[in-house]
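Q: I would like to learn how to read a fold from its packing. Where should we start?

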Amino acid sequence: MQDIINNLPKLAKDKHKENKTFFTKLKKKPPKQLDYLMQELHDDEFQHTDCLECANCCKTTGPFFTAKDIERIAKHFKMKQQQFIDTYLRVDEDNDYVLQSVPCTFLGADNYCSIYEVRPKACREFPHTDRKKFQQISNLTLKNVAICPAAYNIVEEMKRRLKM
């Protein structure tokens, strides 16, 4: 798995132009069954992809935290929301709350998340390959294929199935 993770940024870079062209066409004329196809591709990929073997998303990026995330996680820690913010978060250039540093503070050496049951919405939905109206998040997907082997595989299979 580590070899795949190490090679992923180069693979994604090599495919970037092709992917960008594909997603531009997809945005202009999304197939009627795109949501169903994406759900199928997502489900198929995660039948044989174990995130616990990878956790590259947790090691290299940080999610943004919504107000509801902060409220829920602070409650989990029995902390006041501001105390949680001061301890773990910072405000980024987009004025969003994000982790102070990566890898994620809540990621264990065994790749398990210590706050899995209350994790942020962005973490629960990552890599966002089963989202409705998938074509609307193509910029996010272009970034995620360089981070997540599953997202990379899903996009490659999507390109094979949808000749654009």
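A: Start with the nonpolar core. A nonpolar core is a set of buried Ala, Val, Leu, Ile, Met, Phe, Trp, Tyr and Cys residues joined through side-chain atoms within 4.5 Å. Keep in mind that this is a predicted model.

Q: Why look for such clusters, and which residues have the most contacts inside the largest nonpolar core here?

A: In soluble globular proteins, nonpolar side chains tend to be buried together. Here the largest nonpolar core has 21 residues. Those with the most contacts inside it are Phe23, Leu26, Leu34, Met38, Phe134, Met158 and Leu162.

Q: Which elements give two or more residues to this core?

A: They are H1, H2 and H9. H9 gives the most, with six residues. Now take one core member, Leu162. Leaving out residues up to four places away in sequence, Leu162 touches Phe22, Leu26, Pro31, Leu34 and Leu37.

Q: What does the second, separate core include?

A: That core has 16 residues, among them Phe65, Leu99, Phe106 and Val118.

Q: How do I read a single helix, say H2?

A: Check its span, then its sides. H2 covers residues 34-48, 15 in number. From first C-alpha to last it reaches 22 Å, close to the 21 Å expected at 1.5 Å a residue. Next, list what is buried, meaning under 20% relative accessible area. In H2 these are Leu34, Leu37, Met38, Leu41, His42 and Glu45.

Q: Where do these buried residues lie around the axis of H2?

A: They are on the same side of H2, because they cover an arc of only 130 degrees around the axis. The face turned away from that side carries the exposed residues Tyr36 and Gln47. The buried residues of H2 pack against helix H1 (2-28) and helix H9 (149-161).

Q: Which residues are buried in helix H5?

A: Apply the same reading. H5 runs over residues 67-76, and Asp69, Ile70, Ile73 and Ala74 are its buried residues. Seen down the axis, they fall within an arc of 120 degrees, so they line one face of the helix. Ala67, Lys68 and Lys75 are exposed on the other side of H5.

Q: What covers the buried residues of H5?

A: The cover includes strand E1 (64-65), helix H6 (81-88), strand E2 (89-91), strand E3 (97-99) and H7. Look also at what comes after the helix. H5 is followed by Lys78, which has a positive phi, near 55 degrees.

Q: Now a loop residue. Is His128 buried or exposed?

A: Compare its accessibility with the cut-off for burial, under 20%. His128 is buried, with a relative accessible area of 7%. It is found in the loop between helix H7 (121-125) and helix H8 (138-144).

Q: What does His128 touch?

A: Not counting residues up to four places away in sequence, His128 touches Ala122, Phe134, Ile137, Leu140 and Asn144. Its side chain also makes a polar contact with the side chain of Arg131, at 3.2 Å.

Q: Last, the cysteines. How many disulfides does the structure hold?

A: Check the sulfur-sulfur distances against the cut-off, within 2.5 Å. The structure holds zero disulfides. For Cys104, the closest cysteine sulfur is in Cys58, 6.0 Å away, too far for a bond. Cys148 is in no disulfide either, and its nearest cysteine sulfur, that of Cys51, is 6.4 Å away.

Q: Are Cys104 and Cys148 buried or exposed?

A: Cys104 counts as buried, at 16% relative accessibility. Cys148 counts as buried too, at 10%.

Terms used
Residues are numbered from 1 along each chain as its sequence is written. This is a predicted model: local features need pLDDT of at least 70, side-chain atom pairs count only at pLDDT 80 or more; totals for chains, interfaces and linings use all residues. Side-chain values use heavy atoms; hydrogens and water are left out. Buried means under 20% relative accessible area, exposed over 50%, partly exposed in between (1.4 Å probe, protein chains only). Helices (H or I, at least four residues) and strands (E, at least two) are DSSP runs, numbered from the N terminus. The expected span of a helix is 1.5 Å times one less than its number of residues. The arc is that of the directions from the helix axis to the C-beta atoms. Contact means heavy atoms within 4.5 Å. A polar contact is a pair of N or O atoms within 3.5 Å; within protein, one must be able to donate a hydrogen and the other to accept it, and residues adjacent in sequence count only if both atoms are side-chain atoms.
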